[in-house]
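Biologist: I should like to go through this model with you one topic at a time. Please show the sequence and the structure before we begin.

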Amino acid sequence: AYAPHMLNLIIACILAAVLGFAAHRASICTVRAVAEFTHSGTGYMFASIVKSALWVFAITVPVFLLLPQTATGLAGWQLTLTAMFGGLLFGIGAGVNGACAYATMARMVDGEIGMLLTVFGFVLGVLIFVALLGTGTIVR
């Protein structure tokens, strides 16, 4: 009964390792991409982000086609003012931090312990979100 779950865990760990490697090597950080574009006028990092998205698409679509049960329960968030405000707040935080979520983790692994504060801030933000969601303040 546990074999399929173990296989899923192994596949998830392999894909997480690939994502971590790609994030560290390819610099798929929108904060860095915007900084590159504004300072040098080139779009190499934006191209890396597009390539990464295409790889995700190339991997997930066949998985969903071969194993349709993996796509059940997938749902997105509605585009609301709350969602846009959250995205804006996240973007401002990433700009102040100088790194997106992936780059924060990569820099923390490289020894920048100060990035740990960002992780704590992210956890705090999630906890506040869950608390507001429970009070009905946030519209789903």
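Biologist: From which helix does the largest share of the lining of the second largest pocket come?

Modeller: In this predicted model, helix 1 (3-26) and helix 3 (44-66) each supply at least two residues of that lining. Helices here are DSSP runs (H or I, at least four residues; strands are E, at least two), numbered from the N terminus. With 11 residues, the largest share of the lining comes from helix 1.

Biologist: Which pLDDT do local features need?

Modeller: Residues are numbered from 1 along each chain as its sequence is written, and side-chain values use heavy atoms, with hydrogens and water left out. Because the model is predicted, side-chain atom pairs count only at pLDDT 80 or more, totals for chains, interfaces and linings use all residues, and local features need pLDDT of at least 70.

Biologist: How much space lies in the second largest pocket?

Modeller: A pocket is an open set of points on a 1 Å grid over the protein atoms alone, where a 1.4 Å probe fits, with protein on both sides within 12 Å along at least five of seven lines; lining residues have an atom within 4 Å of a point. The second largest pocket has 24 lining residues, with Ile11, Leu15, Val56, Ile59 and Thr60 nearest its centre. Its volume is the space filled by probe spheres set on the points, which are joined across faces, edges and corners. That space is about 780 Å³.

Biologist: How many residues of its lining are nonpolar?

Modeller: The classes are as follows: Ala, Val, Leu, Ile, Met, Phe, Trp, Tyr, Cys and Pro count as nonpolar, Asp, Glu, Lys and Arg as charged, and the others, Gly among them, as polar. In the lining of the second largest pocket, 1 residue is charged and 5 are polar, while the nonpolar residues number 18.

Biologist: Which helix gives the largest share of the lining of the largest pocket?

Modeller: The largest pocket holds about 950 Å³ of space, and 31 residues line it, among them Gly86 and Phe122, which belong to the set nearest its centre. By class, 19 of the lining residues are nonpolar, 11 polar and 1 charged. Helix 4 (81-97), helix 5 (101-109) and helix 6 (115-135) each contribute at least two residues. The largest share, 11 residues, is that of helix 4.

Biologist: At what angle do helix 2 and helix 3 pack?

Modeller: Two packed helices are described by the angle between their axes and the distance between the axes. The axes are lines fitted to C-alpha atoms, for helices over the stretch in contact, and angles run from 0 to 180 degrees between N-to-C directions. For helix 2 (residues 30-40) and helix 3, the axes are 7 Å apart and the angle is about 145°.

Biologist: Which residues of helix 3 make that contact?

Modeller: Contact means heavy atoms within 4.5 Å. Helix 2 takes part through Thr30, Arg32, Ala33, Val34, Glu36 and Phe37, and helix 3 through Tyr44, Met45, Phe46 and Ile49.

Biologist: Is cysteine 29 buried or exposed?

Modeller: Cysteine 29 is placed in the loop between helix 1 and helix 2. Leaving aside residues up to four places away in sequence, it touches Ile49, Ala99, Cys100 and Ala103. Buried means under 20% relative accessible area, exposed over 50%, and partly exposed in between (1.4 Å probe, protein chains only). Because its relative accessibility is 1%, cysteine 29 counts as buried.

Biologist: How far apart in space are glycine 20 and methionine 105, C-alpha to C-alpha?

Modeller: Glycine 20 is part of helix 1 and counts as partly exposed because its relative accessibility is 38%. Glycine 20 and methionine 105 are 85 residues apart in sequence, and their separation in space is 8.7 Å.

Biologist: With which residue does glutamate 112 form a salt bridge?

Modeller: Side chains of opposite charge can pair when their charged atoms come close. A salt bridge is a side-chain nitrogen of Lys or Arg within 4 Å of a carboxyl oxygen of Asp or Glu, and the structure holds 1. Glutamate 112 is partly exposed at 36% relative accessibility, whereas its partner is buried at 17%. With the closest N and O atoms 3.1 Å apart, that partner is arginine 107.

Biologist: What percentage of the residues of the chain count as buried?

Modeller: The chain has 6 helices and 0 strands, and its C-alpha atoms fill a box of roughly 50 × 40 × 30 Å along the principal axes. Of its 140 residues, the buried portion is 14%.
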